[in-house]
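Please examine the strand arrangement of the structure shown below. The exchange that follows takes up its sheets in turn.

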Amino acid sequence: ATKLTGTIPNFRSTGIDDNADATAITIDSSERIGIGTTSPEFPLEIGITSSTSQQVGFEITQATSGNDGRMRFKNSANSTYCRVGMDSSGTFFVEPFNGSAYVKHFNVKNNGNVGIGATSPSTSLHLKDNATGANTKLTVERSSLSYTGEYAASHCGTVTNNEFDIYTNNTVRMRIKSDGKV
């Protein structure tokens, strides 16, 4: 068999063709695809092997106005799904599948506002619990000291047996002890 090398002028391919002098795409015997690498470790691996200023990445483009660009992750062993993407307004989102529909639980608006449970966050960090009868909480935990602080729509304080301090200018201005004394 004759092996052709170099660039073949006017050649058209229906498969992979880069007309380059180096391997651009590799499909190994385990059906792993490498772009920019000849020894992929994952089903799809994208990399840059030379030390250049190029960035590694890929782009998903939605050409139709009003539609989202999405990527879906699936665990077929237990039929769980999660999509990440960007909608037509520029909001980045994460939406797990709850068994009957995809629900946007995490959103980053193009103005930087972050919503957890809130699809249109109006502040830098907007928490919303959509469960009936639930109390939306923000819990801050420092496990090395066993401190847990909690802020909820109805209360603010410590969950563990610790003091609750109110600071201004990095100085304690008020302390409520675990027995309730101020």
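**Sheets and strand pairing**

An open sheet of three strands follows the order β1-β2-β3, with mixed pairing. This is a predicted model, in which local features need pLDDT of at least 70, side-chain atom pairs count only at pLDDT 80 or more, and totals for chains, interfaces and linings use all residues. Residues are numbered from 1 along each chain as its sequence is written.

Reader: Which are the edge strands of the sheet β1-β2-β3?

Author: Strands are DSSP runs (E, at least two residues), numbered from the N terminus. Two strands pair if DSSP finds at least two bridges between them. Pairing on one side only is found for β1 (25-27) and β3 (44-46), the edge strands.

Reader: Which residue in β2 stands opposite Thr26?

Author: β1 and β2 (residues 33-35) run antiparallel and are joined by three bridges. Opposite Thr26 in β2 stands Gly34.

Reader: By how many degrees are neighbouring strands of the sheet β4-β5-β6-β7-β8-β9 turned against each other on average?

Author: This open sheet has six strands with mixed pairing, and its edge strands, β4 (69-75) and β9 (125-127), each pair on one side only. Axes are lines fitted to C-alpha atoms, and angles run from 0 to 180 degrees between N-to-C directions. With direction ignored, the average turn between neighbouring strands of this sheet is 15 degrees.

Reader: What is the bridge partner of Asn75 in β5?

Author: Strand β5 (residues 80-86) is joined to β4 by seven bridges, and the two run antiparallel. The partner of Asn75 in β5 is Thr80.

Methods: Heavy atoms only, no water. Helix = DSSP H or I, 4+ residues; strand = E, 2+ residues; numbered from the N terminus.
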